[in-house]
Amino acid sequence: MSKDNLHRYLFENADVRGELVQLEQSYQEVLSAHNYPAPIQNLLGQLLAATSLLTATLKFNGDISVQLQGDGPVSLAVINGNNLQQLRGVARFKGELSSDGDLQQLFGKGHMVITLTPTEGERYQGVVALDKPTLAGCLEEYFAQSEQLPTSITLFANGKQAAGMLLQVLPTEGDHNTEFEHLEQLTATVKAEELFELEAEEVLHRLYHQEEVRLFEPVAVTFSCTCSRERSASAIRTVSREEIESILAEQGKIEMGCEYCNTNYSFDSIDVAAIFSNTQAPETKQ
């Protein structure tokens, strides 16, 4: 049974909802295209789990991007996803990274940009500083600023598995913060090993055995890269024909690689001629 699932749940006697995500295969596929050191592996795992949790809070069909940028050893870490829980991610870094470095040591002075792009409607972008030691802390600050809803986030990753939990007050008329604080305290006792090793139902039973919890059907989380030969051809079409011909003359072909999955797309002079004549480049060369 695949571990890559997002589980949503509600508390019957409190205006609070929760999410639990467990990732393994999708996480490994994000890491497999690059030789990341342990701190980046763990960071991307937490970011992958966080993006899945965030995506599940969306009330629309569309895309999400959670991007961390800074002037420290890690300049960029980003996960892109959509409402179908299809995710991909990449990170850029330089030099040696401290294995016990917190978020600020990794990114220096930085910020997190969360971009929501619905299929229909207005694009939304929220920005928060990376001024907390953990990614979870920065995300809680994002929810406090953008939605004004008490939200608790827990994230774990170890290079092999990633997992996370989100707890959030439902937008209702009453004051239910007391119930939320109680459930938040229970949730805070969860251990990484429990989320990595146990089924979601067992985790929830251990945490909330005195509560009435309604668990919904899980949603599969998958790695999915949106790169394609067609998209690469479209990118070539945006560059002047003269510049493309110059590269062809010098190198014999145009090489375009996807930063997310490391797939390489190669175009020779015949492919380029087809691209600029608005016909499809041959599918055989990659």
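**View 1. Two helices, α9 and α10, meet side by side.** In this close-up, R241, I244, E245 and L248 of α9 meet S269, V272, A273 and F276 of α10. Keep in mind that this is a predicted model. The two axes come within 11 Å and cross at roughly 170°. Angles over 145 degrees count as roughly antiparallel, and that is therefore how α9 and α10 lie relative to each other. Now look at α10 by itself, residues 269-276: D271, V272, A274 and I275 are buried there. These residues cover an arc of only 160° around the axis, so they sit on the same side of α10.

**View 2. K253 sits in a loop after α9.** The loop in question runs between α9 (241-251) and β13 (254-257). Is K253 buried or exposed? Neither label quite fits, because its relative accessible area is 36%, which makes K253 partly exposed. Skipping neighbours within four places in sequence, K253 is in contact with I247 and L248, and also with S266, F267 and D268. For a sense of scale, K253 and V78 are 30 Å apart in space, C-alpha to C-alpha, and 175 residues apart in sequence.

**View 3. Here is an open sheet of 6 strands.** Reading across, the order is β7-β6-β3-β4-β5-β12, and the pairing is mixed. Which strands stand at the edges? They are β7 (124-129) and β12 (222-223); each has a single partner strand, so one side of each is left without a neighbour in the sheet. At the β12 end, β5 (residues 86-93) pairs with β12 in the parallel sense over 2 bridges, and L87 stands opposite F223 of β12. Helix α4 (residues 135-146) lies across β3, β6 and β7, and runs at about 125° to β7.

**View 4. Strand β4 has β3 on one hand and β5 on the other.** How much of β4 is buried? The count is 8 of the 9 residues in β4 (residues 74-82), so the rest of the structure largely encloses this strand. With β3, strand β4 pairs in the antiparallel sense over 7 bridges, and the two make a hairpin with 3 residues between them. Q69 stands opposite L76 of β4 in this pairing. Strands β4 and β5 also run antiparallel, joined by 7 bridges, with V74 opposite F93 of β5. Their hairpin has 3 residues between the strands, and Q85 takes a positive phi near 60° there.

**View 5. L68 and M112 are the best-connected members of the largest nonpolar core.** Out of 52 residues in this core, these two touch the most other members. Helix α2 (residues 38-56) supplies the largest share, 10 residues. Another core lies apart from this one; it has 21 residues, among them A163, M165, F180 and V190. Back at L68, the residues in contact beyond four places in sequence include L43, L47, L76, L103, F107, M112 and L135.

**View 6. Helix α1 has one buried face.** In α1 (residues 25-32), the buried residues are S26, Y27, V30 and L31. Seen down the axis, they fall within an arc of 135°, so they line one face of the helix. What covers them? The list includes β2 (16-23), α2, β5, β8 (151-157), β9 (162-169) and β12.

Terms used: Residues numbered from 1 in each chain as written. Predicted model: local features only at pLDDT ≥ 70, side-chain atom pairs only at ≥ 80, totals over all residues. Heavy atoms only, no water. Helix = DSSP H or I, 4+ residues; strand = E, 2+ residues; numbered from the N terminus. Buried < 20%, exposed > 50% of the residue type's maximum accessible area, 1.4 Å probe, protein only. Contact = heavy atoms within 4.5 Å. Core = buried A, V, L, I, M, F, W, Y, C linked by side-chain atoms within 4.5 Å. Arc of directions from axis to C-beta. Pairing = 2+ DSSP bridges. Axes fitted to C-alpha atoms, helices over the stretch in contact; angles between N-to-C directions. Parallel < 35°, antiparallel > 145°, perpendicular 65-115°, else oblique.
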